[in-house]
Amino acid sequence: MVLASACSTNDADLILTNANVYTMSWGDPDREGIPAADAPFADGAWTADAEAVAVKDGLIIAVGSASEIGAYVGPNTEVRDLGWATVVPGLIESHGHYEELGELAEEVDLIGVTTEEEIIERVVARAETFGEGEWIIGRGWDEGDFANRLPTNTRLNQLFPDRPVVLKGLRGFAVLGNAAALEAVGIDHNTTTPSGGEIVKDGAGNLTGVLLNRAEPMLRYAVPERSLDQRKRVVLHGLQAILEKGYVAGHHAGIFPNYTEAYLALAEENALPIRVEAMLSTREAGRELLEEWLERGPTENPSDFLQIRSVKAYYDASLGSRGAKMIEPYSDMPGESGEYGAAYGFIEDLVAQSMASGFQAVIHAIGDGGNRDVLDFYERVLAEHPESKSLRHRIEHAQVVHPDDFARFAELGLVASMQPPHAVEDAPWAEDRVGPERILGAYAWRTMRRNGVPLIFNSDLSGSDWDIFYGLHSAITRTNRDLEPEGGWYPDQCMTPEEALRAYTVWPAYASSREDLTGTIEVGKWGDLTVLSIDPLNVGSQDPHALLQGEVLMTIVDGEVVYER
């Protein structure tokens with residue numbers, strides 16, 4: 001039992017009572033997932049270590065039994081009887097693209113399409129909702145699923161001969177544009193393909209409308225810009241979508257000047273509904289803004305809802321599009337080893353300068369070659385700037401890692417930021433890409449833990465569903481929503497329920513150097529809490545597939561109920 005604070009007799013602003021509270025304040029499990037000696041775990045079952053929480057002025061002032069916390073009830077205290085629902089530390093979505101969620105609400109939703117015919121049907125059904133003269137924009141067709149049968153713009157050209165149509169891929173590594181869109185941005189047969197990209201042509205040399213990897217921004221960034229008010233609306237829509245799923249904070253993985261302006265405006269208006277860690281993009285399009293911030297330095301006040309203390313870099317492309325850098329060629333495409341490095345837009349000097357200026361580096365690396373190169377980069381920079389190691393730099397995805405390289409993550413003090421949904425969604429084709437040996441080092445969460453690597457989980461939304469129960473289920477079972485494959489995909493890499501929950505709470509707090517302020521439910525920490533309909537620790541242990549039936553009942557940020565089902 002965590003006793004109530006004896007140092008404060010002030011009335012609470014908010015009390016959650018009659019709840020199963022998991023403070024997560026006990027020690028980490030060992031590298032095999034066995035709970036710590038002080039964990040509330042015995043005989044294969046978990047017991048909540050508190051029943052109530054009191055919050056005042058945005059901070060937790062007491063944690064304990066329902067009767068103990070009753071002493072903090074005053075005439076103006078809001079008391080919520082939770083009927084023994086489960087309270088956990090506020091969930092942290094540590095890698096998302098929130099503007100994509102907001103934009104998707106105003107675009108053609110292509111998530112889940114499996115055929116080119118479905119793509120056309122959805123575009124036609126939504127086309128009339130776009131204003132006269134507006135480009136028709138869509139998002140969500142899966143580049144990995146379509147990699148061997150890329151769509152073409154033939155039907156789009158027939159249906160929309162004079163109106164630009166741009167359909168962005170799910171993971172951000174492909175885009176499909178009709179002829180009107182290509183013409184509007186000046187892409188034709190004579191256009192030079194950028195290094196690290198591909199302007200796809202058919203057997204006769206005709207443009208198909210698909211642009212891959214580093215060619216993709218040629219079309220995506222040419223879409224007419226939204227106004228500042230529209231961009232603010234987009235950001236708020238995205239943040240609202242995740243707070244309704246229980247997240248009290250979001251790490252925005254790579255923002256360019258247009259959405260940086262929107263975030264700064266919302267922060268100035270005190271309009272951000274959750275805490276945001278915004279990572280500035282290190283690509284050329286964001287260089288000028290980043291250089292301004294390098295002179296200014298990282299944000300310093302931890303209580304501000306907007307933090308700009310990190311930079312996002314991109315070393316290679318995706319596994320699905322065969323753009324991730326592999327040490328040896330792809331198993332299903334001999335001679336192809338991916339797109340990476342400077343040719344892919346990785347500006348090494350700018351990332352190194354950011355690290356030296358006190359910014360945390362967050363680098364996207366997918367393939368085993370990409371991860372090795374990024375490890376080498378970190379090793380070089382940290383040798384020159386050893387003080388930077390304390391910033392807990394990250395590798396995003398760390399999707400395929402050579403066996404020799406796992407231990408290097410821990411040696412360099414790096415955090416592996418990984419996505420459980422990617423494993424179950426990529427399972428149908430991932431082994432085809434890398435073969436039966438390399439797949440053993442792919443989506444290898446347990447191997448990371450065994451090597452002592454700090455691990456955090458997230459969704460990479462909007463590319464995957466950000467529902468916490470889907471994420472936990474993916475991590476614990478390595479099966480999809482249809483419970484396939486039976487027994488789990490390479491189940492030796494499964495996480496325990498406690499590890500999975502920590503990877504969305506305690507460990508991302510550590511990754512952003514906020515472990516003294518959030519991540520656990522303890523006196524003095526932020527009043528950021530998530531209320532769940534089921535107990536993820538016991539359900540995850542005893543009937544993990546039942547996790548998919550869970551719901552978020554309440555999201556509390558800074559002591560305020562910002563969402564209630």
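S462 lies in the loop between β22 (455-457) and α15 (468-477). The peptide bond that leads from L461 to S462 is cis, and its omega is near 10 degrees. The model is a predicted one, and this report covers its backbone exceptions, one helix, one buried strand residue, and the empty spaces.

**Backbone exceptions**

Most residues other than glycine have a negative phi, and most peptide bonds are trans. A cis bond also runs from E484 to P485, with omega near -5 degrees. P485 is placed in the loop between α15 and α16 (497-502).

Positive phi values occur in non-glycine residues as well. R392, in the loop between α11 (368-384) and β20, has phi near 60 degrees. With a relative accessible area of 16%, R392 falls under the 20% limit and is therefore buried. H397 belongs to strand β20 and has phi near 90 degrees, again a positive value in a residue other than glycine. Its relative accessibility is 4%, so H397 counts as buried. N270, just after α8, takes a positive phi of about 55 degrees.

**Helix α8**

How far apart are the end C-alpha atoms of α8, and what span should its 12 residues have? Helix α8 covers residues 257-268; at 1.5 Å a residue the expected span is 16 Å, and the end C-alpha atoms are 16 Å apart, so the two agree. Its buried residues are Y259, T260, A262, Y263, A265 and L266. An α-helix has 3.6 residues a turn, so residues three or four places apart point the same way. The buried residues of α8 pack against two kinds of element: the helices α2 (98-104), α7 (228-243) and α9 (287-296), and the strands β16 (247-255), β17 (275-281) and β18 (306-314).

**S310 in strand β18**

Strand β18 contains S310. A relative accessible area of 5% puts S310 among buried residues. S310 is 32 residues from A278 in sequence, yet their C-alpha atoms are 6.9 Å apart. Beyond neighbours within four places in sequence, S310 is in contact with A278, M279 and L280, and also with F359, Q360 and V362. The side chains of S310 and Q360 are joined by a polar contact of 2.8 Å.

**Cavities and pockets**

Rolling a probe the size of a water molecule over the atoms shows where empty space is left. How many cavities of 30 Å³ or more does a search of the whole structure find? There are two such cavities. The table gives their volumes with those of the two largest pockets.

| Space | Volume |
|---|---|
| Largest cavity | about 140 Å³ |
| Second largest cavity | about 30 Å³ |
| Largest pocket | about 990 Å³ |
| Second largest pocket | about 590 Å³ |

The largest pocket is lined by 50 residues, and E99, E100, R220, Y221 and F256 are the closest to its centre. Two or more lining residues come from each of α2, β12 (165-169), α6 (217-220), β16, α8, β18 and α13 (420-438). Among these elements, β16 gives the most, with four residues. By class, the lining of the largest pocket holds 16 nonpolar, 17 polar and 17 charged residues.

The second largest pocket has 23 lining residues, with I111, G112, D142, E425 and Y470 nearest its centre. Here β11 (136-141) and α13 are the elements that give two or more residues to the lining, and α13 supplies the largest share, four residues. The lining of the second largest pocket divides into nine nonpolar, seven polar and seven charged residues.

Around the largest cavity there are 18 lining residues, of which A249, R275, E277, R514 and W526 lie nearest its centre. Each of β16, β17 and α17 (506-511) supplies at least two residues of this lining. Its classes are nine nonpolar, four polar and five charged residues.

Which residues line the second largest cavity? They are H397, Q399, M418, Q419, H422, Y443 and W445. Three of these lining residues are nonpolar, four are polar and none is charged. Q399 is found in the loop between β20 (394-397) and α12 (406-411) and is buried, with a relative accessible area of 5%. Leaving aside neighbours within four places in sequence, the contacts of Q399 include H422 and Y443, together with L319, A365, I366, N371, D426, G441 and A442.

Notes
Residues numbered from 1 in each chain as written. Predicted model: local features only at pLDDT ≥ 70, side-chain atom pairs only at ≥ 80, totals over all residues. Heavy atoms only, no water. Expected span 1.5 Å × (residues − 1). Buried < 20%, exposed > 50% of the residue type's maximum accessible area, 1.4 Å probe, protein only. Contact = heavy atoms within 4.5 Å. Polar contact = N/O pair within 3.5 Å; in protein donor to acceptor, adjacent residues only side chain to side chain. 1 Å grid on protein atoms, 1.4 Å probe; cavity = no way out; pocket = protein on both sides within 12 Å on 5 of 7 lines; lining within 4 Å. Points joined across faces, edges and corners; volume = space filled by probe spheres on them. Nonpolar A, V, L, I, M, F, W, Y, C, P; charged D, E, K, R; others polar.
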